[in-house]
Amino acid sequence: MNPPPVTSPAWTGRTKRYVAMFVVVIIGLALLRFSETIPIVIVAVILAYLLTPLAQWIDSRVLAFGPFKGRDHRGLSVLLTFVLVIAVIIVVILVVIPGIVNQFEEFGSRIPPLLESLGRTLERSLSHPITIGGEPITINGEPIIPLEQLREITGTPGNQEVLRLQDLNLVDATRSFISTLTLPAFSFLGGALTAIINIIFLLSMMFYLIRDGSIFAEKLIEATPRTYRSDLRRILYELGQVWNAYLRGQLTLSLVMGTTVFVVATLLGVPNPLILGLISGLLEFIPSIGSGLAIFPAALLALSSRSTTLPFLEGTAFAVVVVIVWAILQNIEAIVLVPRIMGGSLNLHPFVVIVAVIIGASLAGALGVILAAPAVASLRVLGQYIYGKLLDQDPFPPPRPRRYQPLTAISIVQRVWEFDKQLVRGAAADARRAWQSERARAWRARVSRTLRNERIRRVFQNERVWQFSAWLRRRLPLVQARQSAEQVRAWLRRESVRSFGTQIRNLVRRNEDHA
């Protein structure tokens with residue numbers, strides 16, 4: 001039996017616009033209503049995106065032989081991926097987690113006394129008037145004491161502490177911040193049951209995303225108008241480049257820097273090196289500022305302890321050494337690791353990244369901090385496409401190819417000259433001014449008069465000087481010297497050496513003409 005036909009007339013442009021606006025409003029309201037489920041969905045998408053290459057490798061390399069050859073075993077490859085990941089997690093829980101928990105408890109017990117001591121030190125420093133040149137600064141005849149000004153601003157009585165840093169519970173703050181990664185979608189069921197249900201839903205979503213992620217993308221492309229399918233493929237490609245480079249790059253940086261900090265902290269004898277490595281690795285997911293924040297816990301621990309490997313380092317000196325070493329590690333990361341691992345995937349200014357991190361933290365907590373930078377980079381890709389379409393330009397122009405230049409002596413001289421030509425010009429100008437100054441002219445005239453002096457001439461015409469000169473000529477192998485001089489002159493007359501000298505002269509002349 002044939003289904004009944006659709007006989008309604010085609011929608012007009014106005015009707016289509018109204019329906020599109022209505023659908024957008026419904027989708028927005030649904031997102032607001034079910035906002036508590038969005039974090040777990042985002043986590044599932046990210047984990048599926050990270051595990052997809054492993055599932056593809058198992059599908060193409062492990063299950064492509066034996067009884068599985070020629071069959072569709074995508075689901076089995078995803079299950080093997082889950083088994084492998086769960087096995088790694090179990091090993092980590094059994095081997096690494098106990099040490100981390102012990103060191104984290106020790107780290108948490110060290111921080112409150114240290115913060116209390118730091119607060120008392122700051123209050124003692126702020127209780128003295130501000131002085132310049134040994135004289136206190138006064139307003140209306142009264143010296144300015146910062147601690148009293150803080151008491152007036154905060155309304156704190158004189159018998160209470162103004163800076164109560166010991167009340168700052170970093171452990172609870174960290175735990176509450178990380179808990180925003182997976183807000184409970186079924187919080188009414190209780191803590192343990194909620195966690196179990198969330199894990200089940202998370203694994204289920206990851207399974208279908210890893211198995212059918214490419215099918216979802218193709219269905220989305222087929223749902224767009226035919227003339228825009230190629231554009232959508234290019235946009236998805238650009239977005240894939242951004243997210244692939246960011247997520248896998250940040251994960252690589254996190255592992256590298258976390259391991260490096262753990263090794264360096266162990267060698268320096270800083271307490272709780274495992275916790276410091278873990279903190280440094282986690283903070284790598286905060287672009288631009290995360291690596292800088294990792295200095296503070298290391299400096300605090302060093303300030304209140306003595307090095308276990310270098311006993312002469314303690315207190316302030318130990319903290320200064322730790323800050324210097326951590327700063328060196330950050331510079332190595334920024335100069336060496338980030339360009340090679342991340343490249344120009346985000347193409348965002350650090351100011352934009354910091355603003356995005358602040359906004360992401362206010363909107364979605366830890367998840368917003370981690371995803372702020374790639375989200376802004378994705379908006380940049382979409383904005384670049386819209387801008388190109390509005391101005392009838394190519395939204396994604398091909399990058400300019402870099403001309404390959406072989407590394408020769410000429411190229412090295414040219415790079416050095418271009419790198420520091422301003423300094424060279426300034427030094428040459430200073431040398432010319434010094435040579436043409438009145439003091440230099442007077443010195444040259446004095447030397448000339450000295451050489452024309454009769455007494456100097458008699459010294460060089462002395463018989464002993466002549467005898468020493470003759471003895472020296474007999475000792476020197478003049479024949480070999482002449483042969484060496486002939487060889488040098490022959491080498492200088494070679495065509496390659498002349499060409500090199502001509503290129504150097506042309507390069508210097510071109511830079512002088514440019515100046």
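What follows is a conversation about helices, contacts and burial in a predicted model.

Biologist: What does the secondary structure of the protein chain come to?
Modeller: The chain has 19 helices and 4 strands. Buried residues make up 25% of its 515 residues. Among contacts with a separation of 6 or more, 64% join residues 24 or more positions apart.

Biologist: Why is helix 2 called roughly perpendicular to helix 8?
Modeller: Helix 2 covers residues 38-62, and helix 8 covers residues 229-268. They pack at an angle of about 85°. Angles from 65 to 115 degrees count as roughly perpendicular. The angle of about 85° falls in that range, so helix 2 is roughly perpendicular to helix 8. Their axes are 11 Å apart.

Biologist: Which residues make the contact between helix 2 and helix 8?
Modeller: Helix 2 brings Ile46, Tyr49, Leu50 and Pro53. Helix 8 brings Gly240, Trp243, Asn244, Leu247 and Arg248.

Biologist: How do the residues of that contact divide into nonpolar, polar and charged?
Modeller: There are 6 nonpolar, 2 polar and 1 charged. Arg counts as charged, so Arg248 is the charged one. Gly counts as polar, so Gly240 belongs with the polar residues.

Biologist: How do you know that the length of helix 2 agrees with its number of residues?
Modeller: Helix 2 has 25 residues. At 1.5 Å a residue, they should span 36 Å. The end C-alpha atoms are 35 Å apart, which agrees.

Biologist: Where is the kink in helix 2?
Modeller: The kink lies at Leu51 and is about 40°. The proline Pro53 comes shortly after Leu51.

Biologist: Which residues of helix 2 are buried?
Modeller: Leu51 is one of them. The others are Pro39, Ile40, Val43, Ala44, Ile46, Ala48, Thr52, Ala55 and Ile58. Ile46 also takes part in the contact with helix 8.

Biologist: What makes Ser254 of helix 8 count as buried?
Modeller: Buried means under 20% relative accessible area. Ser254 has 10%, so Ser254 is buried.

Biologist: What does Ser254 touch, leaving aside residues up to four places away in sequence?
Modeller: Ser254 touches Gly281, Leu282, Glu284 and Phe285. Ser254 and Leu282 are 28 residues apart in sequence. In space, their C-alpha atoms are 6.5 Å apart.

Biologist: Why is helix 9 called largely enclosed by the rest of the structure?
Modeller: Helix 9 has 11 residues, and 8 of them are buried, so it is largely enclosed. The buried ones are Pro273, Ile275, Leu276, Gly277, Ile279, Ser280, Gly281 and Leu283.

Biologist: How do you know that Ser280 is buried?
Modeller: Ser280 is in helix 9, residues 273-283. Its relative accessibility is 5%. That is under the 20% cut-off, so Ser280 counts as buried. Not counting residues up to four places away in sequence, Ser280 touches Met257, Val261 and Ala294.

Biologist: What is unusual about Asn272 and Asp392, given that most residues other than glycine have a negative phi?
Modeller: Asn272 has a positive phi, near 55°, and is not glycine. Asp392 also has a positive phi, about 55°, without being a glycine.

Biologist: Where do Asn272 and Asp392 lie?
Modeller: Asn272 lies in the loop between helix 8 and helix 9. Asp392 is in the loop between helix 13 and helix 14.

Biologist: Why is Asn272 called buried, and Asp392 exposed?
Modeller: Asn272 has 4% relative accessibility, so Asn272 counts as buried. Exposed means over 50%. Asp392 has a relative accessible area of 72%, so Asp392 is exposed.

Biologist: What makes Ala373 buried and Val355 partly exposed?
Modeller: Ala373 has a relative accessible area of 0%, so Ala373 is buried. Val355 has 32%. That value lies between the 20% and 50% cut-offs, so Val355 is partly exposed. Ala373 is in helix 13, residues 350-390. Val355 is in helix 13 too.

Biologist: Which residues does Ala373 touch, not counting residues up to four places away in sequence?
Modeller: Ala373 touches Tyr246, Pro287, Leu346, Leu348 and Val353.

Biologist: How many residues apart along the chain are Ala373 and Trp243?
Modeller: They are 130 residues apart along the chain, and their C-alpha atoms are separated by 9.8 Å. Trp243 is also one of the residues of helix 8 in the contact with helix 2.

Definitions and conventions:
Residues are numbered from 1 along each chain as its sequence is written. This is a predicted model: local features need pLDDT of at least 70, side-chain atom pairs count only at pLDDT 80 or more; totals for chains, interfaces and linings use all residues. Side-chain values use heavy atoms; hydrogens and water are left out. Axes are lines fitted to C-alpha atoms, for helices over the stretch in contact, and angles run from 0 to 180 degrees between N-to-C directions. Helices (H or I, at least four residues) and strands (E, at least two) are DSSP runs, numbered from the N terminus. Angles under 35 degrees count as roughly parallel, over 145 as roughly antiparallel, 65 to 115 as roughly perpendicular and the rest as oblique. Contact means heavy atoms within 4.5 Å. The expected span of a helix is 1.5 Å times one less than its number of residues. The bend at a residue is the angle between axes fitted to the seven residues ending there and the seven starting there. Buried means under 20% relative accessible area, exposed over 50%, partly exposed in between (1.4 Å probe, protein chains only).
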